[in-house]
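This report walks through one protein model, moving from its overall layout to a few individual residues. Please keep the sequence and the 3D view at hand while reading.

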Amino acid sequence: FMRREFQIAKGQEANVARTKDQLPKLAKLAELFALNISPDGKKLIGIGMGRSLDTAQGLLDMHYKRLPQMAELAMRESSLKSKLKQTEDQKIHTSSVQFHV
């Protein structure tokens, strides 16, 4: 196996962090053993065969072009999940209140 670092475009670090759940899918498509964000958040680290690392570069280039849109969708999804949880919590709380006559 080989290791390669893929630079994250300046200013895109937060977007990459928001879409990190997509990295395993990209790794699988490129046939990489692993693809993760570096500890400093400025690079992606890929581990795999040479040809797989070359494929990963092309996939990451496509991923970066759509990254701002995907990050926005991830933020909206997170917000909606939070609202859903609040609604469910309120529903549970209000349905457990019993009225005495």
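## Overall layout

In what order do the elements of the protein run from the N terminus on? The model, which is predicted rather than determined by experiment, shows the order β-α-α-β-β-α, and its secondary structure comes to three helices and three strands. The radius of gyration of the protein is 20 Å, well over the 13 Å that the globule rule gives for 101 residues, so the protein is more spread out than a compact globule.

The spans of the C-alpha trace along its principal axes are about 75 × 25 × 20 Å. Of the 101 residues, 30% count as buried. If one takes the contacts between residues at least 6 apart in sequence, 63% of them join residues that are at least 24 apart.

## The strands

Strand S3, which covers residues 43–48, pairs with strand S2, residues 34–37, in the antiparallel sense over four bridges. Within this pairing, asparagine 36 stands opposite isoleucine 45 of S3, while alanine 34 has isoleucine 47 of S3 as its bridge partner. The hairpin of S2 and S3 has five residues between the strands, and in this hairpin glycine 41 takes a positive phi near 75°.

S3 also pairs with S1, again in the antiparallel sense, and here the pairing runs over six bridges. One of the bridge partners can be named on each side: methionine 2 is matched with glycine 48 in S3. How much of S3 is covered? The strand is mostly covered, since five of its six residues are buried.

## The nonpolar core

In soluble globular proteins, nonpolar side chains tend to be buried together. In this model the largest nonpolar core has 17 residues, and those with the most contacts inside it are Phe6, Leu32, Leu35, Leu44, Leu60 and Tyr64. Helices H2 and H3 each supply at least two residues of this core, and H3 gives the most to it, with seven residues.

Leucine 35 offers a closer look at these surroundings, and its list of contacts leaves out residues up to four places away in sequence. Which residues does leucine 35 touch on that basis? Its contacts are Phe6, Leu23, Leu26, Ala27, Leu44, Ile45, Gly46 and Leu60.

## An aromatic pair

The structure holds one aromatic pair. The pair is formed by phenylalanine 1 and phenylalanine 33, and it is tilted, with 5.4 Å centre to centre and 40° between the planes. Phenylalanine 1 lies in the segment before strand S1 (2–7) and phenylalanine 33 in the loop between H2 and S2, so the pair ties together parts that are 32 residues apart in sequence. Are the two phenylalanines, 1 and 33, buried or exposed? Both phenylalanine 1 and phenylalanine 33 are exposed.

## The loop between H2 and S2

Glutamate 31 also lies in the loop between H2 and S2, and its phi is near 65°, a positive value in a residue other than glycine. Glutamate 31 counts as exposed because its relative accessibility is 56%, and the cut-off for exposed is over 50%.

## Threonine 19 and glycine 58

Threonine 19 is found in the loop between helix H1 (13–18) and helix H2 (23–30). Although this residue sits in a loop, threonine 19 is buried, with a relative accessible area of 1%, and buried means under 20%. Its side chain reaches the backbone oxygen of asparagine 15 at 3.0 Å. When residues up to four places away in sequence are not counted, threonine 19 touches His63, Leu67, Met70 and Ala71.

Glycine 58 belongs to helix H3, which covers residues 50–95. Why does glycine 58 count as partly exposed? Its relative accessible area is 32%, and partly exposed is the class in between the limits of 20% and 50%. The C-alpha atom of glycine 58 is separated by 9.1 Å from that of alanine 30, a residue 28 places away along the chain.

Note on methods:
Residues numbered from 1 in each chain as written. Predicted model: local features only at pLDDT ≥ 70, side-chain atom pairs only at ≥ 80, totals over all residues. Heavy atoms only, no water. Buried < 20%, exposed > 50% of the residue type's maximum accessible area, 1.4 Å probe, protein only. Polar contact = N/O pair within 3.5 Å; in protein donor to acceptor, adjacent residues only side chain to side chain. Contact = heavy atoms within 4.5 Å. Pairing = 2+ DSSP bridges. Core = buried A, V, L, I, M, F, W, Y, C linked by side-chain atoms within 4.5 Å. Phe/Tyr/Trp six-rings, centres within 6.5 Å; stacked < 30°, edge-to-face > 60°. Rg over C-alpha atoms; globule rule 2.2 N^0.38 Å.
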